Structure formats: structure tokens, C-alpha cells
Amino acid sequence: MKVVLFCGGYGMRMRSGAADDVPKPMAMVGPRPLIWHVMRYYAHFGHTEFILCLGYGAHHIKDFFLHYEETTSNDFVLRAGRTELLSTDIADWTITFAQTGIESPIGERLRRVRHHLNGDEMFLANYADVLTDAPLPEMIENFSRRDAGASMMVVPPQSSFHCVELGEGGLVGGITAVSDMPLWENGGYFVLRQEVFDHIPENGDLVADGCAQLAKQGRLVAHQHRGFWKPTDTVKERAALDDAYTRGDRPWAVWERDGAGVSA
């Protein structure tokens, strides 16, 4: 199944300075950028056809793959000056690099790569900046059995704040952690059918337009995930993932569990 990755946004909260034009999916976690970790996740489950929706800082993503160094994350033998890889990351990947505009919303980026899907009934989509250990085959199987146009992975709220219930005269009637409330957030992992394009207007959004319209029609499925899920919206969040990688605490690296691990 093809995987559409949205990797053309500015990522302003991740930028370290005015001259920093590196897109958020290229922020490093361990020896590889975020987008690589996301792609390895999908490839682990057999989905190795990727369509990259490029925009801001596209040359960084292109250069990374055009000059990809397999030895960074794979064991190898150096014999008589020649490198012999003992394993490989991307040898069986097919990657389409598509410029989808600098200012384009997510939905418009998706519209602009529709022809690359070759009419496939179902496909996967992702923001390319969130890591998880969610069971992707289960997510796909559950959706394939449903008469729906889209599936969105949802996760419990990640905020550490508390919600305060106010009564008369400003008296507090209760305090509840946001994470304990019966709320769910968009987790950024989608399984979609071609039907979603019927609900995304020109310069529209995937969630606010496409998914919202499907929800009104009862054709949007939520896949609830309470396991590992971490966004990288800020420098602090990215640094926390990088530290976890260094400690060997990387539950999102599902490919390591089955003996196809990445060298630390």
C-alpha cells in the first residue's frame, strides 16, 4: 500500500533561527531524521512505496536520500577498501519526490499527488513528524472491513495541564487532568480511500475539510491507540526523543524487536 508523507511545512516551533530552513521531518533523532524513523515504521510492515509531499526546505530531504549513507544505520564489512553491507534500510524502497508548494495546506498537498496513487482504492498518509508503536496491520484490517472513507488514529490528550470546573461565584467544583478526560486527539496516522478526495476542496485541509465532512456522514473511523505516541512539535519534544534514542529507549522502532535492528 502506498504511503503519502506530508513533509513540506515550515515547522516554525522547531526552528532554531531565521537562517534555519530545515523542514521539521528532517530534525534528527539519533543518527537519522524523523522522516526516516516514520518510513522505517511503514517499511517494517511491508509498505515501501512512498510519496513525499515536498515544500519548504525540499532540497534537504532530496539530498538526504540522494546521498544516503547505508553504513550510518547498518553493520558492514570493509574488505580491500570495498564496503560490504550486512543489511540495508532502503534498497527495496520506492520514493516519489513531489513538489506540492510552499504554502499549500495538507489537503491541497494530498490533491496534488493523487495521480501518483494510480487509482489505488486504499492508501496510507502521515504527517512525517510523529512516532508511534501502533499496530499498523490491525489499523488497516479494521478499516478495510468498514464501509468508511477514512480512518484516523486517535490518542489520549498529551497535555500535562488540568481542567478546572467553575461554579457560582468563581468557586472551583473540580479539577481534572486533561489526560484523564474522555477526549481524544488526532494522532496523525491515516488510512484513506479515494472517497476522501470528494470532500477536499482546492486549498482545503485533510482533517478540517475531508475528515470533518466524512464524520458528518458517519464515514470516518477512529482507531484508538493508548500505547506509545510522541509528537515533535517543539525543540523540547524532539530533544526528548533524541535522548530516549541514545538511552536505547525507542519503542517506536518496531523493526528492532524482530531482529532487524538498527545499530545504535
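**A friendly note on this predicted structure**

1. Let's start with a small detail of the backbone. Just after helix α1, Gly46 takes a positive phi of about 95 degrees. As you look around, please keep in mind that this is a predicted model.

2. Now step back to helix α1 itself. How many of the residues of α1 are buried? The helix is mostly covered, with 10 of its 11 residues buried. Those buried residues are Leu34, Ile35, Trp36, His37, Val38, Met39, Arg40, Tyr41, Tyr42 and Ala43. Notice that His37 and Arg40 are in this list along with residues such as Leu34 and Val38.

3. Next, the nonpolar interior. The largest nonpolar core has 48 residues, and the members that touch the most other members are Leu5, Tyr42, Leu52, Phe65 and Trp252. Which helix gives the most to this core? Helix α1, spanning residues 34-44, does so with 8 residues. There is also a second, separate core of 21 residues, which includes Leu117, Ala125, Ala150 and Cys211.

4. Leu5 is a good residue to click on in the viewer. Setting aside residues up to four places away in sequence, Leu5 touches Ile35, Val38, Met39, Tyr42, Phe50, Ile51, Leu52, Cys53, Asn126 and Ala128. Among these partners, Ile35, Val38, Met39 and Tyr42 are also buried residues of α1.

5. One partner of Leu5 deserves its own paragraph: Asn126. Asn126 lies in strand β8, residues 122-126. Is Asn126 buried or exposed? Asn126 is buried, because its relative accessible area is 0%, and buried means under 20%. A polar atom of the Asn126 side chain lies 2.6 Å from the backbone nitrogen of Ala128. Leaving aside neighbours within four places in sequence, Asn126 is in contact with Val4, Leu5, Phe6, Val38, Tyr42, Gly188 and Tyr189.

6. Another buried residue to visit is Ser151, found in strand β10, residues 150-155. Ser151 counts as buried because its relative accessibility is 1%. Apart from neighbours within four places in sequence, Ser151 is in contact with Met139, Phe143, Tyr189, Phe190, Val191, Leu220, Val221 and His223. Tyr189 is a name you have met before, as a contact of Asn126.

7. Let's turn to charges. Side chains of opposite charge can pair when their charged atoms come close. How many salt bridges does the structure hold? The count is 17. One of them joins the side chains of Glu49 and Lys2, at 3.8 Å from N to O. This pair links distant parts of the chain, with Glu49 in strand β4 (residues 49-54) and Lys2 in strand β1 (residues 2-7), 47 residues apart. Glu49 is partly exposed, at 37% relative accessibility, whereas Lys2 counts as buried at 10%. Lys2 and Glu49 also belong to a network of salt bridges with Asp120.

8. Two further salt bridges are worth a look. The side chains of Arg219 and Glu195 meet at 2.7 Å, N to O. Arg219 lies in the loop between α5 (206-216) and β14 (220-224), and Glu195 in the loop between β13 (185-193) and α5, so the pair ties together parts that are 24 residues apart in sequence. Both Arg219 and Glu195 are buried. Arg250 forms a salt bridge with Glu256, where the closest N and O atoms are 3.0 Å apart. Here Arg250 counts as buried at 11% relative accessibility, while Glu256 is partly exposed at 24%.

9. Now for the surface. Val164, Leu166, Val172 and Ile175 form a nonpolar patch there, with about 410 Å² of accessible area together. Which strands each supply at least two residues of the patch? They are β11 (162-166) and β12 (172-177). Val164 is found in strand β11 and is partly exposed, with a relative accessible area of 48%.

10. Finally, have a look at His115, in the loop between α3 (106-112) and β8. Why does His115 count as exposed? His115 is exposed because its relative accessible area is 55%, and exposed means over 50%. The side chains of His115 and His116 are joined by a polar contact of 3.2 Å. For a sense of distance, His115 and Asp63 are 52 residues apart in sequence and 24 Å apart in space, C-alpha to C-alpha.

Note on methods:
Residues numbered from 1 in each chain as written. Predicted model: local features only at pLDDT ≥ 70, side-chain atom pairs only at ≥ 80, totals over all residues. Heavy atoms only, no water. Core = buried A, V, L, I, M, F, W, Y, C linked by side-chain atoms within 4.5 Å. Buried < 20%, exposed > 50% of the residue type's maximum accessible area, 1.4 Å probe, protein only. Helix = DSSP H or I, 4+ residues; strand = E, 2+ residues; numbered from the N terminus. Contact = heavy atoms within 4.5 Å. Patch = residues over 30% accessible without salt bridge, like charges linked within 9 Å, V, L, I, M, F, W, Y side chains within 5 Å. Areas by Shrake-Rupley, 256 points an atom, 1.4 Å probe, with all protein chains shown as cover. Salt bridge = Lys/Arg side-chain N within 4 Å of Asp/Glu carboxyl O. Polar contact = N/O pair within 3.5 Å; in protein donor to acceptor, adjacent residues only side chain to side chain.
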